[in-house]
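Could you walk me through the inside of this protein, from its enclosed space and its open pockets to the helices and rings around them? A short tour in running text would suit me well.

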Amino acid sequence: MMTWAICVLVILPLVVIVAVSVYGSLEITKIPFLAVPYMPGDFGLQHEDVSFMSHDDLKLTGWFLPAKVPSSVTLIVLHGLGSNAGDMLLNTLCLARDETWNLFYFNFRGHADSQGRMTSLGPLELRDLESALAFIKQAKPERTRRLGIYGHSLGGAVAIVGAARHEELEAVIAESPFASTTATIGRFSRIFYGIPEFPFMSFAVILAGLRLGVSIWAFSPLREIGKIAPRTILLIHAERDLRMPYEDMQALMAAAGNPKELWVVPGADHGEPWMVSKDEFEKRLVEFFRKAFR
């Protein structure tokens, strides 16, 4: 009887840990669905539908919006998890209507009509960006002599790591990026599911990485951001954002080299800076890139 009791006390917790960790690994890689809410034509913007292949042979889709007056500068726009290129149009219309730059939007794997079913929360999306860079530079060589990048949330984190590794990205805006994937997963599990990071999410991250064939642990904007200097970076933080807290932004700012700038948007939650402070948001985006590419 004692033996059975000991077995139950030992085995049952292990079963719970494994079950929760497996569930967690599935949640980590799941992509929330959002339909494409807008198309460039909805705003009278000329655009070209584009597609290209990822490093692992997934078809990724996007749009190229040429400047009215031919420009050698292209700005790349990256969306967040569960979002898509169309969802980024409203808060980047100011860049399109400035008519100074070309814009290149693309959908990460598994978003909109890009192929794929799972997210890696960083490492594979970074590879998607690298495939996008190779494609657009080959397809539009005269339009991509100079490159800038703006990303939101997951896209912001990818923009930071991408710029750290690709010097051709001369100017970076990252709105609500996270400092590290694993810390963010742990924080989400506590906030939204009440599940402690250890041991559950620690094992879940390992399992998710095995399913994806990548190291999720290795993706860390905090470790990479210092490599961007002396190129310029603007970090945008939503004051009420619990998903990507101010502590993350402070750490990123401390690790970044100069020139760097932080704008905290009062009263805004995650994804709300443009809605809460539209005029100031658009002014800052346009002026930042004008200064970088003058």
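The largest cavity in this predicted model has a volume of about 30 Å³. The count of cavities of 30 Å³ or more comes to one. Its lining is made up of Thr-182, Ile-185, Gly-186, Glu-197, Met-201, Ser-202, Val-205 and Trp-217. Two helices, α5 (181–193) and α6 (197–212), are the elements that give two or more residues to this lining, and α6 brings the largest share, with four residues. Sorted by class, the lining of the largest cavity has four nonpolar, three polar and one charged residues.

Now for the spaces that are open. The largest pocket holds about 1000 Å³ of space. It is lined by 37 residues, and those closest to its centre are Leu-81, Ser-153, Phe-188, Arg-243 and His-270. Helices α1 (2–29), α5 and α9 (273–276) each supply at least two residues of that lining. Helix α5, which also helps to line the largest cavity, gives the most to the lining of the largest pocket, with seven residues.

The second largest pocket has a volume of about 270 Å³. Nearest its centre, among its 14 lining residues, are Thr-232, Glu-261, Glu-287, Phe-288 and Lys-291. Strands β7 (232–238) and β8 join helix α10 in supplying at least two residues each, and α10 gives the most, with seven residues.

Here are the linings of the two pockets by class.

| Pocket | Nonpolar | Polar | Charged |
|---|---|---|---|
| Largest pocket | 21 residues | eleven residues | five residues |
| Second largest pocket | five residues | one residue | eight residues |

Helix α10 deserves a visit of its own. How far apart are the end C-alpha atoms of α10? They are 21 Å apart, which agrees with the 21 Å that the 15 residues of this helix (278–292) should span at 1.5 Å a residue. Within α10, the buried residues are Phe-281, Glu-282, Leu-285, Val-286, Phe-288 and Phe-289. Looking down the helix axis, you find the buried residues of α10 within an arc of 160°, so they line one face of the helix. Turned away from that buried side is a face with the exposed residues Asp-279 and Lys-291.

Two of the buried residues of α10, Phe-281 and Phe-289, lead us to the rings. The structure holds 13 aromatic pairs. In one of them, the ring centres of Trp-101 and Phe-289 are 6.2 Å apart and the planes meet at 65°, so the pair is edge-to-face. This pair links distant parts of the chain, 188 residues apart: Trp-101 sits in the loop between α2 (93–97) and β4 (102–106), and Phe-289 in helix α10. Both Trp-101 and Phe-289 are buried.

Trp-263 and Phe-281 make a tilted pair, with 6.3 Å from centre to centre and 50° between the planes. Because Trp-263 lies in strand β8 (residues 260–265) and Phe-281 in helix α10, the pair ties together parts that are 18 residues apart in sequence. Trp-263 and Phe-281 are both buried. Elsewhere, ring pairs join Phe-52, Phe-104, Phe-106, Phe-108 and Phe-135 into a cluster.

One last stop is helix α3 (residues 123–139). Its 17 residues reach 24 Å from the first C-alpha to the last, close to the 24 Å expected at 1.5 Å a residue. Buried residues in α3 include Leu-124, Leu-126, Leu-129, Leu-133 and Ile-136, along with Glu-125 and Asp-128.

Key: Residues numbered from 1 in each chain as written. Predicted model: local features only at pLDDT ≥ 70, side-chain atom pairs only at ≥ 80, totals over all residues. Heavy atoms only, no water. Expected span 1.5 Å × (residues − 1). Buried < 20%, exposed > 50% of the residue type's maximum accessible area, 1.4 Å probe, protein only. Arc of directions from axis to C-beta. 1 Å grid on protein atoms, 1.4 Å probe; cavity = no way out; pocket = protein on both sides within 12 Å on 5 of 7 lines; lining within 4 Å. Points joined across faces, edges and corners; volume = space filled by probe spheres on them. Nonpolar A, V, L, I, M, F, W, Y, C, P; charged D, E, K, R; others polar. Phe/Tyr/Trp six-rings, centres within 6.5 Å; stacked < 30°, edge-to-face > 60°.
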